[in-house]
Amino acid sequence: MTDATEADLTGGTPRARPEGDVEKIGDRKLKPATMMMGHGYDPMLSEGALKPPIFLTSTFVFPNAAAGKRHFEGVTGKRPGGAEGLVYSRFNGPNQEILEDRLAIWEEAEDALAFSSGMSAIATLFLSMVKPGDTIVHSGPLYAATETLISRILGRFGVQWLDFPAGATREEIDAVLTKAATGNVALIYLESPANPTNALVDVEAVAASRDAIFTGENKPPIAIDNTFLGPLWAQPLKQGADIVVYSLTKYAGGHSDLVAGGVLGTKAHINTIRLMRNTIGTICDPNTAWMLLRSLETLELRMSRAGENAAKVCEFLASHPKVEKVGYLGFLERGEDKRQADIYRRHCTGAGSTFSLYLKGGEKEAFAFLDALKIAKLAVSLGGTETLASHPAGMTHLSVPEARKQALAITDNLVRISIGVEDADDLIADFEHALKAV
Ligand SMILES: *Cc1c(COP(=O)(O)O)cnc(C)c1O
């Protein structure tokens with residue numbers, strides 16, 4: 001094999017479950033937190049090593065010529081069932097396969113793919129689904145790089161887009177989808193909660209609208225970026241999404257020490273996306289996959305603790321005289337917006353640990369607060385073990401036009417906070433001290 005391009009046709013390399021892989025004890029189906037320690041890995045295939053070695057290799061040896069031919073028959077679809085083994089590291093490797101098996105478990109997805117970043121996951125998803133003239137319908141706002149990818153990059157290749165606000169009602173979603181349906185809608189792409197508005201998308205309403213307006217072959221898949229709440233606090237496949245996208249850089253990686261992405265969904269969709277990933281090589285490297293396997297072992301512990309911490313910190317902040325408002329999903333039930341509270345009840349099992357803090361005042365007050373923090377670090381990103389704080393108007397959303405900033409409530413007094421796993425009372429002391437400096 002001098003060139004692996006034949007394998008670009010692969011629908012994937014589905015593999016047999018390792019010997020002794022436990023998914024059930026009697027009738028009891030094991031929980032994801034339990035399965036993160038061993039699922040998808042057989043120590044006896046690696047000298048008994050409890051943890052998987054990092055497989056640094058670019059290609060895989062076939063046991064004999066006939067086996068190699070059989071792999072390629074599977075890979076090229078000449079024989080159904082896919083390849084029975086690994087072929088070439090642009091397609092997959094042992095560390096990435098174990099990671100993919102474990103990622104899928106959290107949302108009970110049929111299959112999953114690992115990527116080199118959240119954005120390479122999103123870009124590979126889009127490239128695998130759209131062609132010139134197609135329309136992407138999306139909720140707004142989206143992660144800035146995703147908006148750039150749709151409008152400025154795919155737009156150059158003749159892809160069109162239409163959007164509806166993240167908090168849109170069924171009627172508003174119907175109106176946009178009906179308009180889009182005059183052309184070919186390739187994909188409905190959502191992000192919930194939206195950043196930094198925290199508006200939740202009604203995925204059930206989007207799915208119902210899609211099913212009412214499109215039929216058969218024309219029915220576009222619904223993909224959703226679940227980075228902010230997944231997989232612990234939101235599982236949108238259960239509300240009718242077909243594909244879930246992650247920046248694994250955030251909560252899944254969880255230690256602010258790697259960049260990676262993931263896509264989960266039905267076998268058919270994942271096979272389409274895998275074909276594109278095989279062609280362009282947006283898979284993550286084995287070392288990153290190994291780091292993510294370690295991260296997933298503590299995912300539930302970390303996210304639970306961060307969520308509990310955020311609830312305590314938000315209670316403190318909400319009652320502070322220098323605070324105008326706290327945009328925290330956990331407060332939806334007490335708020336005016338009955339519709340958002342209803343979506344929250346139907347879609348979420350927790351409020352997350354990333355929220356918006358509106359101080360009384362403007363940029364001066366926000367900067368004084370940020371500069372006085374001692375535990376919380378001044379950095380963008382979220383979902384790590386450490387607490388981070390940033391100023392969207394002056395940092396992540398600096399280039400957003402003024403009118404759009406106002407519409408999205410990205411005001412100068414807004415501070416974005418991602419709570420980590422530190423001691424909650426230490427964090428409250430840090431915020432209390434910093435508010436004194438305002
Ligand atoms: C960070 C992020 C991304 C991009 O992920 P990278 O891993 O940085 O490429 C996409 N969507 C959301 C919601 C994010 O927070």
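How many cavities of 30 Å³ or more does the count come to? In this predicted model, the count comes to 5. The idea behind such a search is simple: rolling a probe the size of a water molecule over the atoms shows where empty space is left. A cavity is a space in which the probe fits but from which the probe cannot get out, whereas a pocket is open.

The largest cavity has a volume of about 90 Å³. Its lining consists of 14 residues, and those closest to its centre are S192, I224, A234, P236 and H347. The reader may find these five residues in the structure above to locate the centre of this enclosed space.

The largest pocket may be considered next. Its volume is about 920 Å³. There are 45 residues in its lining, of which L142, Y143, A144, T396 and H397 are the closest to the centre. Several elements give two or more residues to this lining: the helices α4 (118-129) and α5 (144-153), together with the strands β5 (160-165), β8 (243-247), β13 (388-390) and β14 (414-418). Which element gives the most to the lining of the largest pocket? That element is α5, with 6 residues.

The helix α5 also helps to place a feature of the backbone. P141 is found in the loop between β4 (135-140) and α5. The peptide bond that leads from G140 to P141 is cis, and its omega angle is near 0°. A second cis peptide bond joins N195 to P196, with omega near 5°. Here too the proline belongs to a loop, for P196 lies between β6 (185-191) and α7 (203-213).

Another backbone feature concerns the angle phi. E47 is not a glycine, yet its phi is positive, at about 60°. This residue is located in the loop between α1 and α2 (65-75).

Finally, attention may turn to the surface and its charges. Where does positive charge gather in a patch? Such a patch on the surface is formed by K24, R28, K29, K31 and K238. These residues belong to one patch because like charges are joined within 9 Å. One member of the patch, K31, lies in the loop between β2 (28-29) and α1 (32-35). The helix α1 thus borders two of the loops described here: the loop that holds K31 and the loop that holds E47.

Conventions:
Residues numbered from 1 in each chain as written. Predicted model: local features only at pLDDT ≥ 70, side-chain atom pairs only at ≥ 80, totals over all residues. Heavy atoms only, no water. Patch = residues over 30% accessible without salt bridge, like charges linked within 9 Å, V, L, I, M, F, W, Y side chains within 5 Å. Areas by Shrake-Rupley, 256 points an atom, 1.4 Å probe, with all protein chains shown as cover. Salt bridge = Lys/Arg side-chain N within 4 Å of Asp/Glu carboxyl O. Lys, Arg positive; Asp, Glu negative; His and termini not counted. Charge placed at Lys NZ, Arg CZ, Asp CG, Glu CD. Helix = DSSP H or I, 4+ residues; strand = E, 2+ residues; numbered from the N terminus. 1 Å grid on protein atoms, 1.4 Å probe; cavity = no way out; pocket = protein on both sides within 12 Å on 5 of 7 lines; lining within 4 Å. Points joined across faces, edges and corners; volume = space filled by probe spheres on them.
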